[in-house]
Amino acid sequence: MLFVSQKTAALEGVRQRMQATGLSNYCLEVHSTKAEKSSVLEQLSTAWRERNLVIEEHWSTATGDLRKKSDQLNRLFSALH
């Protein structure tokens with residue numbers, strides 16, 4: 001997923017939510033005063049090393065949760081329109 005915003009607060013909010021769900025290693029900060037090539041490469045390296053830590057059961061649970069939320073949003077959309 002790619003999230004782009006001109007507002008630092010919005011980016012920080014997304015980063016915090018990703019961190020809360022255990023996905024912070026997949027959040028790369030590539031365009032800010034903090035971003036350096038070596039830092040981005042280290043973030044990519046960490047994400048690559050840790051990709052095998054997620055087991056299929058976690059993906060199945062997350063997929064089910066996303067399906068429920070998607071269904072809720074679709075029902076809300078239908079009700080509004």
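This is a short talk on the fold, surface and salt bridges of one protein chain.

Hi everyone, thanks for coming. Please keep in mind throughout that we are looking at a predicted model. So how confident is the predictor? The average pLDDT over the chain is 83, and 94% of the residues score at least 70. Confidence is highest in helix H3, residues 56-80, with a mean of 91. The lowest value belongs to helix H2, residues 37-50, where the mean is 83.

Let's turn to the fold. You will find three helices here and zero strands, and if you walk along the sequence the pattern reads α-α-α. Helix H1 covers residues 8-20.

What about the overall shape? If you lay the C-alpha trace along its principal axes, it spans about 50 × 35 × 15 Å. The radius of gyration is 16 Å, whereas a compact globule of 81 residues would have one near 12 Å. Burial is worth a look alongside that: 9% of the 81 residues count as buried. As for the surface, the chain exposes about 7400 Å², and carbon and sulfur atoms supply 58% of that area.

Helix H3 deserves a moment of its own. It has 25 residues, and the count of buried ones among them is zero, so H3 is hardly covered. How far apart should its ends be? At 1.5 Å a residue, H3 should span 36 Å, and its end C-alpha atoms are indeed 36 Å apart, which agrees.

Now for those of you who like charged side chains. How many salt bridges does a search of the whole structure find? The search gives three, and I'll take them one by one.

The first on my list is in helix H1. Glu12 pairs with Arg15, and their closest N and O atoms are 2.4 Å apart. Both residues sit in H1, three residues apart, which is about one turn of the helix. Here is a handy reminder: an α-helix has 3.6 residues a turn, so residues three or four places apart point the same way. Is this pair buried or exposed? Glu12 is partly exposed because its relative accessibility is 30%, and Arg15 is also partly exposed, at 28%. For that label a residue has to fall between 20% and 50%.

Next, Arg49 pairs with Glu42, and here the closest N and O atoms are 3.6 Å apart. Glu42 has 43% relative accessibility, so it counts as partly exposed.

The remaining pair brings us back to H3. Arg67 bridges to Asp71, with the closest N and O atoms 4.0 Å apart. Both lie in helix H3, four residues apart, again about one turn of the helix. Arg67 counts as exposed because its relative accessible area is 53%, while Asp71, at 30%, is partly exposed.

While we are at Asp71, let me place it against another residue. Asp71 and Glu50 are 21 residues apart along the chain, and 30 Å separates their C-alpha atoms.

On to the nonpolar side of the surface. Which residues form a nonpolar patch there? They are Leu28, Val30, Leu41 and Leu44, and together they have about 340 Å² of accessible area. Leu41 belongs to helix H2. With 48% relative accessibility, Leu41 counts as partly exposed, because the exposed label needs over 50%.

Ser45 is another residue of helix H2. It is partly exposed too, with a relative accessible area of 26%. Ser45 also gives us a link back to the patch: Ser45 and Leu28 are 17 residues apart in sequence, and their C-alpha atoms are 11 Å apart in space.

Finally, let's look towards the two ends of the chain. Lys7 is found in the segment before H1. Its relative accessibility is 58%, so Lys7 counts as exposed. How far apart are Lys7 and His81 in space? They are separated by 74 residues in sequence and by 30 Å in space, C-alpha to C-alpha.

To wrap up, then: we have a predicted model with three helices and zero strands, 9% of its residues buried, three salt bridges, and a nonpolar surface patch that includes Leu41 of H2. Thanks for listening, and I'm happy to go back to any part of it.

Terms used: Residues are numbered from 1 along each chain as its sequence is written. This is a predicted model: local features need pLDDT of at least 70, side-chain atom pairs count only at pLDDT 80 or more; totals for chains, interfaces and linings use all residues. Side-chain values use heavy atoms; hydrogens and water are left out. pLDDT is the predictor's confidence in each residue, from 0 to 100. Helices (H or I, at least four residues) and strands (E, at least two) are DSSP runs, numbered from the N terminus. Patches are made of residues with over 30% relative accessible area and no salt bridge: like charges are joined within 9 Å, nonpolar side chains (Val, Leu, Ile, Met, Phe, Trp, Tyr) within 5 Å. Accessible areas come from the Shrake-Rupley method with a 1.4 Å probe; for residues, only the protein chains shown count as cover. Buried means under 20% relative accessible area, exposed over 50%, partly exposed in between (1.4 Å probe, protein chains only). The expected span of a helix is 1.5 Å times one less than its number of residues. The radius of gyration is taken over C-alpha atoms; the globule rule is 2.2 Å times the number of residues to the power 0.38.
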